[in-house]
Amino acid sequence: MAYYDYNKIEQDWQKYWADNKTFQAENNSKKPKYYVLDMFPYPSGAGLHVGHPLGYIASCIYARYKRLKGFNVLHPMGYDSFGLPAEQYAIQTGQHPAITTKENIARYRQQLDKIGLSFDWDREVRTSDPNYYKWTQWIFIQIYNSWYNNKTNKAEKIESLIAEFEKNGNQNIDAACDENTPSFSAEEWSSLTEEEQQKVLLNYRLTYIGESMVNWCPELGTVLANDEVKDGVSERGGHPVVQKKMKQWSMRISAYAQRLLDGLEKIDWTDSIKEVQRNWIGKSEGASVHFSLENGDGKIEVFTTRPDTIFGASFMVLAPEHELVNQITTAEQKAEVEAYVLATSKKSERDRLADVKTVSGAFTGVYAIHPFTGNKIPIWIADYVLSGYGTGAVMAVPCGDERDFRFANHFGLEIPSIVEGFTGEEAIADKNAKIINSDFLNGLTGFEAIKNCIEEIEKRGFGKRKINYRLRDAVFTRQRYWGEPLPVYFKNDVPYCLSEDELPLQLPEVDKYLPTEDGEPPLARAKDFKTKDGYPYETSTMPGWAGSSWYFLRYMDAHNNQQFVSREAADYWKQVDLYIGGAEHGTGHLLYSRFWCKILFDLGLIGFDEPFQKMINQGMIQGNSAYAYLIQPTVQKSQNEGKKLSSKDLPPIFASFNMISDESYINTKLVELKNKYTNEGWQVSSIKWLGGFYKLPIDISKLNKNTISKEVLQTYRDEFKNAFIIEDENGEFYCEREVEKMSKSKFNVVNPDELIERFGADTLRCYEMFLGPIEQHKPWDTQGIEGTHRFLKKVWNQFHDGDTFSISDEAPTKDELRALHKTIKKMEEDIERYSFNTLVSNMMILLNNLQELKCNKRQILEPFLVLLSPMAPHISEELWKLCGHNKSITHATFPEFKEEFLAESAKKYPVSFNGKMRFTVELPTGLSKEDIEKEVMAMEETQKWLEGKSPKKIIVVPEKIVNIVM
């Protein structure tokens with residue numbers, strides 16, 4: 001058999017592709033365009049494990065397929081290279097994050113190249129490169145110099161707003177702006193100083209400075225986005241996060257809430273991701289209602305989607321962080337309220353929403369007046385109300401809302417019955433239920449009452465109809481070093497943006513990467529971080545999502561020094577046609593990219609307002625972790641004099657997983673340990689295990705399937721050197737296996753470099769696809785990769801006669817053409833519906849057919865290679881070259897499916913007698929039942945089985961069977 005030297009083949013072709021720029025895309029080609037994109041990675045120090053390339057391999061397959069179909073394919077790659085891990089490493093070691101990032105990128109690039117991915121590396125971007133973030137800063141400036149005109153439903157340049165102010169003031173303006181923005185005339189605008197005018201404009205700009213509740217992580221010294229906080233701690237590092245009101249830059253994404261919802265209807269994303277974004281945006285229709293305070297000093301505005309239940313409102317609840325809490329709380333309640341506010345600040349919003357069982361709150365000591373009944377209703381604070389949703393205040397209707405019901409029961413508050421059928425056992429939220437005890441709403445269903453109630457609220461003047469969105473403006477600054485500097489300076493505390501010729505504003509050198517002693521961000525440590533005129537720069541940096549919100553545009557025109565992307569390039573490439581990445585970015589990157597895309601579209605800088613037309617969310621390749629059971633026996637001390645043995649004196653004691661349920665077996669083995677100590681002079685009565693244990697993760701590379709040898713376990717870590725190992729009756733030590741996320745801490749990471757060395761990149765590529773549908777999570781099993789490797793060896797041998805390359809120029813047979821075209825049809829169908837997992841099995845079936853047919857025909861094997869090349873490009877390139885081609889197989893054409901080759905000229909029929917198959921006969925296709933019967937009955941074999949008898953019945957199913965009943 002021929003030797004398949006996959007390591008040399010793959011190294012040679014990877015060098016060829018790099019030297020010849022095989023995957024370089026052209027702007028404005030005459031070919032139809034196709035843009036395939038992966039979510040670019042953050043280059044971590046750990047490098048890639050086998051789970052990371054899953055999406056990259058899938059996108060590579062599709063990009064290679066589209067090239068074969070005649071498309072000009074853009075398939076770029078870069079790095080989301082600003083990130084907290086590099087900064088944390090800098091804090092620990094003093095090494096500049098740029099150095100760490102550069103080293104990590106080199107490692108990533110080396111690994112990506114080994115996999116044979118078809119990236120156009122000439123277009124590589126790095127978000128931390130000043131030449132890149134110059135344009136991130138430039139886009140920030142365009143957003144800063146824009147406002148959202150609700151009348152035209154788009155962003156416009158701030159100059160048009162200023163012109164309207166100069167002409168008419170703001171009385172005719174319908175804009176997305178800060179609440180409580182004062183009204184003014186043209187004359188009043190003109191009378192303002194330039195500084196005062198700039199402060200007014202901040203109320204309208206699409207990015208602005210304002211106070212907001214943020215997720216503050218003291219350990220990391222920065223604000224985190226909601227999607228960076230899990231269970232009250234930072235996603236990276238697991239540090240505590242508290243809610244804190246801070247002055248922050250924010251972006252007015254709330255202005256785009258409805259357009260972000262509408263845009264979901266015209267993109268091909270999964271329903272689950274669309275639903276995630278719909279829920280995050282959280283559109284609600286209802287009414288804004290004002291409740292006056294008892295003392296007449298102010299009002300509380302609530303937003304409710306159920307104004308029909310207003311007569312059931314028996315108390316009010318404010319978010320603990322609501323601005324009125326400090327103002328209205330009585331002296332008697334102050335200590336209790338402040339303690340509650342502090343406790344709530346330590347919970348994330350997600351935790352507060354998720355915890356539906358705990359009931360807690362504090363009474364402010366103050367009452368509001370019900371706008372319809374005039375009744376006094378107490379005002380409480382509780383963590384189930386969020387300041388960022390609605391107004392941060394709710395009218396509590398315990399009869400119609402389960403949380404309000406539990407709250408009222410817990411604190412003994414009144415529960416008026418305003419819904420027919422309410423028994424006091426649970427709330428009734430059904431809008432079909434009839435309203436009672438509610439004045440003019442009595443007898444109406446909830447659906448009917450909503451409309452009537454809103455009309456009455458507006459008529460009486462204490463509220464109005466309103467559409468509310470849960471989506472809040474996006475905090476746009478982080479108090480950290482390793483991020484894009486904001487191109488902003490301050491003059492008399494008023495922000496101004498740099499001019500374009502002053503960009504990029506680069507990160508300054510600092511002595512430490514920590515906040516200053518008085519809590520300022522790390523950039524405040526820089527010496528003379530000021531403009532040439534001495535004005536201080538903003539010392540916060542941009543969030544992690546800034547550079548990733550537009551990177552897909554930079555790939556289109558990566559070397560343009562004059563523009564972030566030319567309109568010509570953007571008009572040619574347009575949207576990303578296929579985007580592959582993780583679903584975990586649904587409320588972060590994917591939302592912010594859509595937001596920025598719409599702004600750039602509104603400003604006329606690009607011609608489309610959705611970035612990613614089709615998106616596939618790849619599942620996770622999970623690790624198959626191994627755990628050893630470390631048991632905790634109890635030592636019964638002896639009453640005798642002498643050296644006493646305690647539990648602390650025992651070595652680590654491990655028990656085989658398959659014996660962990662057999663307490664008596666383990667205790668029998670512990671008697672051996674007890675005797676050992678007794679023989680050594682220790683005084684001990686017994687060592688007994690009562691069921692306590694820890695599970696310790698074991699490096700999966702140390703295992704033989706599910707077992708680990710005693711010797712390996714004892715030398716695995718220094719502290720295990722003297723471990724007492726309890727094996728099973730067969731002398732085996734089993735570990736428990738558990739499928740979970742790949743993680744260094746679980747010792748279940750599989751390095752792709754090692755697999756490529758052992759089996760080759762083509763094997764890895766094919767096997768990752770073969771594991772299952774790309775959207776699904778699936779466990780990794782290294783043992784299964786060997787079958788894929790054997791398939792590629794068989795491919796190699798199909799082109800060889802012994803050690804000699806050998807293909808024939810003979811014309812193919814009908815059976816060979818039928819096998820080929822059946823596969824062409826299936827491959828094209830499967831690739832077009834992104835069924836990557838079936839592609840390899842299709843090729844395995846075709847190869848088996850060709851082996852059975854002993855086919856080595858050029859007209860069959862060359863199309864075979866083209867079909868195989870997207871999945872296994874290296875072996876395909878090598879064999880293509882051996883077939884006599886001078887150009888890369890990348891430039892070949894995908895085989896054309898021809899229906900006529902699937903047509904069969906003959907069909908094999910099983911012939912049965914009384915249901916038992918006795919022989920087969922091949923007959924021409926297209927025969928009628930009568931003709932089939934005539935042919936079969938005329939055969940000698942038939943007469944032999946009839947034994948001179950006449951059949952009672954002959955059943956013929958054309959192209960299926962013949963059954964003769966005797």
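**Notes on strand 10 and helix 22**

1. Let's start with a pair of strands: strand 10 and strand 11 (residues 299–304) run antiparallel and are joined by six bridges. Strands here are DSSP runs of E with at least two residues, helices are runs of H or I with at least four, and both are numbered from the N terminus. Two strands pair if DSSP finds at least two bridges between them. One bridge to look up links His-290 with Glu-301 in strand 11.

2. A word on what you're looking at: this is a predicted model, where local features need pLDDT of at least 70 and side-chain atom pairs count only at pLDDT 80 or more, while totals for chains, interfaces and linings use all residues. Residues are numbered from 1 along each chain as its sequence is written, and side-chain values use heavy atoms, with hydrogens and water left out.

3. Back to the hairpin: strand 10 and strand 11 form one with five residues between them. Check Gly-296 in the turn, which has a positive phi of about 80°.

4. Strand 10 has other partners too. Strand 16 (residues 463–469) runs antiparallel to strand 10 (residues 283–293), with seven bridges; Gly-286 is partnered there by Lys-466. Strand 13 (residues 362–369) is also antiparallel to strand 10, joined by two bridges, and Leu-293 stands opposite Ala-368 in strand 13.

5. Now jump to helix 22. Which of its residues are buried? They are Pro-752, Asp-753, Leu-755, Ile-756 and Phe-759, where buried means under 20% relative accessible area and exposed over 50%, with partly exposed in between (1.4 Å probe, protein chains only). Seen down the axis, the buried residues fall within an arc of 165°, so they line one face of helix 22; the arc is that of the directions from the helix axis to the C-beta atoms. Glu-754 and Glu-757 are exposed, on the face turned away from the buried side.

6. What do the buried residues of helix 22 pack against? Helix 1, helix 4 (97–114), helix 23 (761–770) and helix 24 (785–798). In the contact with helix 1 (heavy atoms within 4.5 Å), Tyr-6, Asn-7 and Glu-10 meet Ile-756, Glu-757, Arg-758 and Phe-759 of helix 22.

7. Finally, have a look at the ends of helix 22. At the start, a side-chain oxygen of Asn-751 comes within 2.7 Å of the backbone nitrogen of Asp-753. Just after the helix, Gly-760 has a positive phi of about 100°.

How values were computed. Polar contact = N/O pair within 3.5 Å; in protein donor to acceptor, adjacent residues only side chain to side chain.
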